[in-house]
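Here is an informal walk through a two-chain model, written to be read with the sequence and coordinates open. Where would you look in it?

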Amino acid sequence: MRIVCPFCGERELGEFTCLGDAKPVRPAAGASADEVFDYVYLRDNVAGETSEHWYHGGGCRAWLKITRNTLTHEISSVEPAAGVGAAKVGA
Amino acid sequence: MVSLAQTHRLESGGLIDRSAPLNFSFDGKIFAGFQGDTLASALIANGVKLVGRSFKYHRPRGILTAGSEEPNALVELRSGARREPNTKATTAELYDGLEAASQNRWPSLRHDLMAVNQLFAPIFVAGFYYKTFMWPAKFWEAIYEPAIRRAAGLGRAAGVADPDHYDKAWAHCDVLIAGSGPAGLAAALAAGRIGARVILCEEDFVLGGRLLADGGTIDSMPAAEWISRTLAELAALPDVRIMTRTTLFGVYDGGTYGAIEQVNDHLPSPPQHQVRQRLWRIVAKRSIVAAGAIERPIVFTGNDTPGVMMASAMRTYVARYAAAPARRVALFTNNADGWRTVETALGAGLQIAAVVDARPDVSSEHRALATKAGFPVLNGSVVGVEGGKDGVRKIAVSLIGGARAEVEADGLAVSGGWNPAVGLTSYHRGRPKWQDDISAFVPDSAPPGMMAAGAANGAYGLGACLRQGFAAGAAAAQSAGRAGNPGTAPVGDDETFSLTPLWHVAGKGKAFVDYQHDVTASDIELAQREGFESVEHLKRYTTLGMATDQGKTSNVAGLAIMAAVSAKSIPETGTTIYRPPYVPVAIGAFAGHHRDENFHATRLTPSHHWAAEQGAVFVDTGLWKRAQWYPRSGEKDWLESVTREVKAVRGGVGFCDVSTLGKIDVHGPDAGAFLDRVYINTFSSLAVGKARYGLMLREDGMVYDDGTTSRLAEDHYFLTTTTAKAGPVMQHLEFCRQVLFPELDAQLTSVSDQWAQFSIAGPKTRDLLREIVDPAEDLSNEGFPFMGAREVALRGGIKARLFRISFSGEMAFEISVPARYGDALVRNLMLAGKQFGVTPYGTEALGVMRIEKGHVAGPELNGTTTAADLGLAKMMSTKKDFVGRVMAGREALVAADRQVVVGIKPTDKTRRLRSGAHVIPKGEIPGPDNDLGYVTSVCFSPTLDQWIGLALVERGRERIGEIVHAHDPLRGEDYDVELCNPVFYDPDGGRQRG
């Protein structure tokens, strides 16, 4: 598999680590235990397009949000996960 | 025995070098061949027909094909450590001194006692394992399985380590082409002329594919001449790379392909410093499968007799290798292409006994050829073969209309049509589609960026192959972004292909579908009767297509027979899923250089070379080699060395390389706020120049990692992790910074490899440091108090970081210098510390002192413990949000009966403790219901002069003082221990503050 890192260009799968579903958002401080439980444990098992967090540990150490089809492994988008990196790329 | 006659070598012709004779041995007998032979062609040239015994029935078998689809002619190649079983004689290149042996026979190939299996054939039908060896159950492992394993099988592995080296490499290109037949070469021409970066892989050692045997006319010149002109043109193009002996075996995501290059398999052993094979990962924008087609057998009684051979293979042996598989050849065909073998055989001066053609409409040209050459054309089918291990003698034919005939021949060429090699195009779960006019499966779809051309795409004529290949090459180069001129396509004759499907000739006796796994037509019929009709069930029940050849010659015939007996069409019956690898690939090639000491990278600490000079014993911790202890002469075991090291530290001064700890610089105005979010305790309040112990949780509330973090400046923290979690913590912190808390302005830099760090511990630590550190630096208890941290100058001006932290419980500092000074620092510590009796200590002594102090480490930070379990509940801030805070409050994680860290001492002071022992209430019979926990860490404490340990025990803190039972069924040990405070040494911490 090849992933086009927005910072480093096209790189081989071995440079990356997949964390998993990028959809859940960490609840703000003061959230209920149930909300945090859902964030920590509840995941959809999608057959089709899904967004995932990947770490480019063998390259720029950026966390990326990758849209991948779990049926074909086709990657339709790669973008910085959030934060400073995103701002830099947008600039 | 020597037999150098080459009795079946034709007088002229072939792509062999008659000036380069080679000797080789087969089953100990010496033969001769020529450069350019394969083992199979050389055996044929010597009249050898019997080359192996079959898997289940030990039937005599000969050579069936001339390529990598060979199911029969498998041999053990080479000897000793290089002996490789199940090597295809049809692809093994001959070299001088080659040694090969037949497989699966005893005591010899000609007199194989295991052939008695044929008498028991009725019980060896499909599914026989499941039906026959059921009862009694315990007989399976003791009797049935060993017996079956002895009787059935393939070759023997070498049984010793592989002496050769394997390599792995990457390659990148615009257009990757599999196959060098007319389609492949035409594709390379078009893509190369356009200017694309082209890689062409060919499994054979000669380029040309079927052109090498079948010839033809291309651009008005003989095929051989066209090949050499084309290769010359390709060589002159700037970016066309041709790789022979290289098989494309797999297709992976994103245009990545696997190929295996047999770099030196054609030599007795690889030349010095060279590899035997190289595993390629090729990244290609586009790929073209021009891998050709595989001729398929017809299933009839006796079709596995040595001397029965695929028609195309027979003409390959005659035309390419000038080796005659038979003197008097019969042909059984259902298509016009089979007749080429007649033409080739006649051209080489061989006799044709008869052609048995299943088609009612043999062409007038072919009938005229028969009349001219004087052999009969029998319209019908072969129904039996007379012969045995010495080969075919007679063939029984059933003519259309019912009459029978017999033909005397010593070889039978068979052609049932051709199957496009659809493997590569189907590896992404693509299902090939049925094409009626050629009665074969052709690619329907292909992985992204791939297309098929030529025979692999169902185009069988030479002209069509050239056109398709050229068009595919041009299209691939253009869609890869190249825009040159492809020139004109090579032109060849268009041949017509006529075929009447014939898969199976019904008859008495065994008719083989899968030669390598001994699957017969009746096995398939049985599977259907027993309900295993789905092709995936058929495959697994009969093992059809599951041998090392992956059913290249057998799968489609098997499906066709299943279709016939289940009254379905072949496309309705469908194909099984195709999976890589296309050919067997040695595990060694996948491992490459990553074996033995190079299995993984090795990380050496800055003091490694010095420690090695001292004779240190090293231990692997992850990728690191760490000094475990430093034995001195006269010490009888590790315990004596470790005890000495601990005493030296507690009584004087010692040092230990702790550079393996993960080290992260955290910079930025929000660095403190960031650390507050990732640690359970607070760091924003830490004063500049101070260090603090920190504990990190996972989001699920369990402890993740611990370490000290120092504030070196208002906006600069220096964080350490455990050795094991250095990488994962960096990844976790980057996730927190980039994804969870992007609003915080902080930056992380891994500096684990940038700093050499040593712990210097013991009451004389300050004395030693004063010899090293610039005298202007104040190291007094007031000037550098416990948990102080700051940059200092060393004598000579080098800047170092000094941290007054202690893992040992003694007065201690950790000192960091740039990694390149680590070796110099350790040598200077030894010189300067001589007057104080400075003692280097290893990870064992480090571990002893941490257990004496009750510090938790890996065995306690095991992913199932909470901060409270470790006795660190008070560290957990209630005033801020941090990773894991909410989940750490879950009912089960705060339950009163959790197993918590507690100290243990044996009631018998002379008793040795061992970790892993279970803790049981005293006086009770051990069982899962009364298991209170287990011992995590133990050591011999020189300070207390007895064994001590840490354990995770249910309600452990409430039980301090209780005598419990340690139960160690693994080692058969049972003894009593007392639960105690985990801090065994200096519980009020006066020594480390002094």
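## Domains on record

UniProt, in an unreviewed entry, lists residues 901–986 of chain B as "domain: Aminomethyltransferase C-terminal"; positions from that record are given in the numbering used here, feature names are shortened, and annotations may be inferred rather than shown by experiment. This is a predicted model, in which local features need pLDDT of at least 70 and side-chain atom pairs count only at pLDDT 80 or more, while totals for chains, interfaces and linings use all residues. Residues are numbered from 1 along each chain as its sequence is written, chains are lettered from A and ligands numbered from 1 in the order in which they are written, and side-chain values use heavy atoms, with hydrogens and water left out.

Residues 901–986 of chain B are 49% strand and 0% helix, with the end C-alpha atoms 18 Å apart. (Helices, H or I of at least four residues, and strands, E of at least two, are DSSP runs numbered from the N terminus.) The unreviewed UniProt entry also gives "domain: SoxA A3" for residues 508–592 of chain B. That span, residues 508–592, is 44% helix and 6% strand, and its end C-alpha atoms lie 50 Å apart.

## Chain A

Chain A has two helices and six strands, which run β-β-β-α-β-β-β-α from the N terminus on. Its C-alpha trace spans about 40 × 35 × 20 Å along the principal axes. Of its 91 residues, 34% count as buried (buried is under 20% relative accessible area, exposed over 50%, partly exposed in between, with a 1.4 Å probe and protein chains only). Take the chain A contacts (heavy atoms within 4.5 Å) between residues at least 6 apart in sequence: 43% of them join residues at least 24 apart.

## Covered helices and a core in chain B

Two chain B helices are mostly covered. In helix H7 (residues 311–319), eight of the nine residues are buried, including B:Met314, B:Arg315 and B:Tyr317. Helix H14 (residues 555–565) has nine of its 11 residues buried, among them B:Asn555, B:Leu559 and B:Met562. What do the buried residues of H14(B) pack against? Their partners in chain B are strands E25 (418–420), E27 (440–442) and E29 (512–514), plus helices H12 (521–529), H13 (535–542) and H15 (570–573). Just after H14(B), B:Ala567 takes a positive phi of about 55°.

The largest nonpolar core (buried Ala, Val, Leu, Ile, Met, Phe, Trp, Tyr and Cys residues joined through side-chain atoms within 4.5 Å) holds 54 residues, and B:Phe24, B:Leu39, B:Leu98 and B:Tyr317 are among those touching the most other members. Helix H1 (residues 39–45) of chain B gives the largest share of this core, six residues. Leaving aside neighbours within four places in sequence, B:Leu98 is in contact with residues including B:Phe24, B:Leu39 and B:Leu77.

B:Asp96 lies in the loop between strand E7 (84–88) and strand E8 (98–102) of chain B. B:Asp96 is partly exposed, at 49% relative accessible area, and, outside its neighbours within four places, contacts B:Leu22, B:Asn23 and B:Pro268.

## Rings and sulfurs

Over all chains there are 21 aromatic pairs. Rings of Phe, Tyr and Trp (its six-membered ring) pair if their centres lie within 6.5 Å; planes under 30 degrees apart count as stacked, over 60 as edge-to-face and the rest as tilted. Two of the pairs are below.

| Pair | Centre distance | Plane angle | Class |
|---|---|---|---|
| B:Trp434 and B:Phe441 | 5.0 Å | 75° | edge-to-face |
| B:Phe940 and B:Trp947 | 6.1 Å | 65° | edge-to-face |

B:Trp434 and B:Phe441 are both buried, and so are B:Phe940 and B:Trp947. Ring pairs also link B:Trp610, B:Tyr630, B:Phe655 and B:Phe758 into a cluster.

Charges sit over rings too (NZ of Lys or CZ of Arg within 6 Å of the ring centre and within 35 degrees of the ring normal). The charged end of B:Arg677 is over the ring of B:Phe741, 4.8 Å from its centre, and B:Arg801 lies over the face of B:Phe718 at 5.0 Å.

How many disulfides are there over all chains? The count is zero, taking a disulfide as a pair of cysteine sulfur atoms within 2.5 Å. The sulfur of A:Cys8 is 3.6 Å from its closest cysteine sulfur, in A:Cys60, which is too far for a bond.
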